Structures are given as C-alpha cells and as structure tokens.
Amino acid sequence: MTAAARLLDRVFMNYSRLVDVISADALYLQAPFIRSVLEAGKHVVIVMKQENRELFQDADQLRGLVASRWIHQGPRSTQLWDLPDLSSFTTLGQPVRVVWAEEQTQRRKRVAGKLQEQSEEKTWIWVTDLPASLVQDTKIQQWGHDRWDLENRGFNELAGLWHMNHCFIHNTTAIQTLLLTLAIAFLTSYLFYHRNIKPAARRHLSRLALATQLLQDAALLDGASLWPAIQPSG
C-alpha cells in the first residue's frame with residue numbers, strides 16, 4: 001500500500017493527463033487511498049471482497065430489492081445489479097456506487113481424453129465513484145477485469161518472453177538502462193501491432209509471429225544499418 005501510494009503520486013505528477021480511472025484489487029478499498037485518487041481529479045473502480053464490511057452487507061441486501069439484468073457476451077452470461085448512492089462507506093465520507101456481477105462462463109475442458117462442457121461461476125463486486133449516467137455497469141465490469149491485462153502483459157509476458165526477470169549486469173545505471181530499453185521495445189512493438197497492422201491481418205498474425213518475422217528480416221540485413229546515413233549539411 002505504501003509503495004502503491006508513492007507510485008501513484010509519481011504517476012499523477014508526471015503523467016496525469018494519461019490517467020482517468022484507477023482500477024485496483026480489494027486491498028486498496030481504503031478511504032485514504034481512494035481520497036488521494038479523487039483529490040487528483042481521477043476515478044476509482046475497486047474490487048470488494050470483505051463480507052464483514054457494512055457496504056458489502058448493504059449491497060447484498062439491496063440486490064433483493066433492485067431489479068437485475070442479464071448480459072450475454074460470448075461464453076459468459078452475467079447477472080448485473082447496479083446499486084448507486086450507497087452511504088455505508090462511512091470513512092470515505094461520500095456515497096459510492098456498487099456494481100455486483102454474478103458470472104457464468106461455459107468452458108470446454110478435456111476430461112479423460114474427452115472434451116466436456118463445464119460451467120464456471122464467479123461473483124465479482126466493484127466499488128466506484130463513477131455515476132451510471134457517465135459509465136454503464138458493463139463498462140465497470142470490463143474495467144474491473146482489465147486489471148488482469150496488467151498481470152499478463154506487464155508481468156507474465158515481460159518476464160517469460162522479454163527476459164525482464166533476468167539480471168544481465170549488476171551496475172545500477174546499466175540495470176535501469178536495460179529495463180527502460182526493454183520497456184520501450186515492448187511498448188513500441190505492442191503499439192505497432194495494435195495501431196499499425198490492420199484488424200484483418202491481426203486475425204492471422206499473433207504478436208509472437210510478428211516478432212519472428214521481424215527477427216528473420218533483421219537477419220537478412222547482413223550487417224547493413226537500419227538507420228539512414230547522416231547527410232552533411234551544405
């Protein structure tokens with residue numbers, strides 16, 4: 001929590017215009033953390049798990065009084081309750097909105113060599129300051145799940161495919177330089193794939209396949225420079 005608060009201050013100081021909403025795990029459902037985000041002019045979408053919270057209990061009881069709606073997206077069906085203006089988060093000092101999702105996902109798993117359809121059920125609850133007039137409940141659900149993109153791309157992929165978990169050298173400045181270089185390479189390739197390659201091409205070309213093609217093309221250079229020669233000024 002302490003490290004996250006320091007990081008948040010640095011992000012807001014240097015990159016504030018790039019951030020609108022902070023999505024966080026249940027650990028961060030604390031009034032001081034939320035207030036620091038709101039005071040910076042940003043919004044929060046935070047998981048709620050603690051059943052002993054008064055906010056949790058009030059939201060659970062209100063589900064029986066408020067109509068839900070079903071959302072069907074591919075293999076996942078969700079029963080959603082949108083509960084605005086709950087005042088049970090007394091330490092925060094302002095009403096919050098709770099989006100409660102009961103999700104059922106159909107998955108195919110191989111059991112004893114045979115594919116079987118299995119239903120996976122999960123409950124997700126998010127607390128946010130964003131009003132329904134500004135952001136729909138389905139968008140809150142999407143942003144709540146999008147946190148896992150950071151886990152997959154920001155940690156698993158960088159460690160597993162970009163070797164960011166390996167210490168190539170022990171000089172402090174060199175370590176920082178290598179990490180920043182890897183980060184720039186990752187972001188550049190990611191942006192190239194999603195912003196430059198057309199959707200039709202992306203359907204048949206994964207980012208790993210693109211990396212393989214770039215590596216093969218680099219080998220064809222046979223020592224030639226990627227950069228144009230500097231022309232002397234007249």
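**Close-up views of a predicted model**

**View 1. Aromatic pairs in the predicted model.** The structure holds 5 aromatic pairs, and like everything described in these legends they belong to a predicted model. In one of these pairs, Tyr28 and Phe33 meet in a tilted arrangement, with 5.0 Å from centre to centre and 45° between the planes. Phe33 counts as buried because its relative accessibility is 7%, a value under the 20% that sets the limit for that word. A pair of aromatic rings is described by the distance of the centres and the angle of the planes, and both values are given for each pair described in these views.

**View 2. The ring cluster of Trp162, Phe186 and Tyr190.** Ring pairs join Trp162, Phe186 and Tyr190 into a cluster. Within this cluster, Phe186 and Tyr190 form a tilted aromatic pair, the centres lying 6.0 Å apart and the planes making an angle of 35°. Both of these residues belong to helix 5, which covers residues 172-196, and because they are 4 residues apart there, about one helical turn separates them. Phe186 is buried, and Tyr190 is buried as well.

**View 3. Arg63 between an aromatic ring and acidic partners.** Arg63 lies over the face of Trp100, at a distance of 4.1 Å from the ring centre. Arg63 also forms a salt bridge with Asp60, in which the closest N and O atoms are 2.7 Å apart. Asp60 counts as partly exposed, since its relative accessibility is 32%, a value that falls between the limits of 20% for buried and 50% for exposed. A search of the whole structure finds 7 salt bridges.

**View 4. The charged end of Arg147 over Trp148.** In this view the ring of Trp148 has the charged end of Arg147 sitting over it, at 5.5 Å from the centre of the ring.

**View 5. The salt bridge of Arg69 and Asp137, with the surroundings of Asp137.** Arg69 and Asp137 are joined by a salt bridge whose closest N and O atoms are 2.5 Å apart. This pair links distant parts of the chain, for Arg69 is in strand 3 (residues 69-73) and Asp137 is in helix 4 (residues 137-160), with their positions 68 residues apart in the sequence. The two partners are covered to unlike degrees: Arg69 is partly exposed, with a relative accessible area of 37%, whereas Asp137 is buried, with a relative accessible area of 6%. When its neighbours within four places in sequence are left aside, Asp137 is in contact with Arg69, Leu80, Asp82, Arg97 and Val99.

**View 6. The salt bridge of Glu157 and Arg207.** The side chains of Glu157 and Arg207 meet in a salt bridge, with 2.8 Å from N to O. Glu157 lies in helix 4 and Arg207 lies in helix 7 (residues 207-219), so the pair ties together parts of the chain that are 50 residues apart in sequence. Glu157 is buried, with a relative accessible area of 14%, while Arg207 is partly exposed, with a relative accessible area of 24%. Elsewhere, salt bridges that share partners join Asp60, Arg63 and Glu102 into one network.

**View 7. Two residues with positive phi.** Most residues other than glycine have a negative phi. Asp85, which is not a glycine, nevertheless has a positive phi near 55°. Asp85 has its place in strand 4 (residues 76-86), and it counts as exposed because its relative accessibility is 63%. His163 likewise has a positive phi, of about 60°, although it is not a glycine. The place of His163 is in the loop between helix 4 and helix 5, and with a relative accessibility of 47% this residue counts as partly exposed.

**View 8. The whole chain, for orientation among the close-ups.** The protein chain contains 7 helices and 6 strands, which follow one another along the sequence in the pattern α-β-α-β-α-β-β-β-β-α-α-α-α. Its C-alpha trace spans about 75 × 50 × 40 Å along the principal axes. The radius of gyration of the chain is 23 Å, whereas a compact globule of 234 residues would have one near 17 Å. Buried residues make up 28% of the 234 residues, and the chain exposes about 16,200 Å², of which carbon and sulfur atoms supply 55%. Among contacts between residues at least 6 apart in sequence, 48% join residues at least 24 apart.

How values were computed. Residues are numbered from 1 along each chain as its sequence is written. This is a predicted model: local features need pLDDT of at least 70, side-chain atom pairs count only at pLDDT 80 or more; totals for chains, interfaces and linings use all residues. Side-chain values use heavy atoms; hydrogens and water are left out. Rings of Phe, Tyr and Trp (its six-membered ring) pair if their centres lie within 6.5 Å; planes under 30 degrees apart count as stacked, over 60 as edge-to-face and the rest as tilted. Buried means under 20% relative accessible area, exposed over 50%, partly exposed in between (1.4 Å probe, protein chains only). Helices (H or I, at least four residues) and strands (E, at least two) are DSSP runs, numbered from the N terminus. A charge sits over a ring if NZ of Lys or CZ of Arg is within 6 Å of the ring centre and within 35 degrees of the ring normal. A salt bridge is a side-chain nitrogen of Lys or Arg within 4 Å of a carboxyl oxygen of Asp or Glu. The radius of gyration is taken over C-alpha atoms; the globule rule is 2.2 Å times the number of residues to the power 0.38. Contact means heavy atoms within 4.5 Å. Accessible areas come from the Shrake-Rupley method with a 1.4 Å probe; for residues, only the protein chains shown count as cover.
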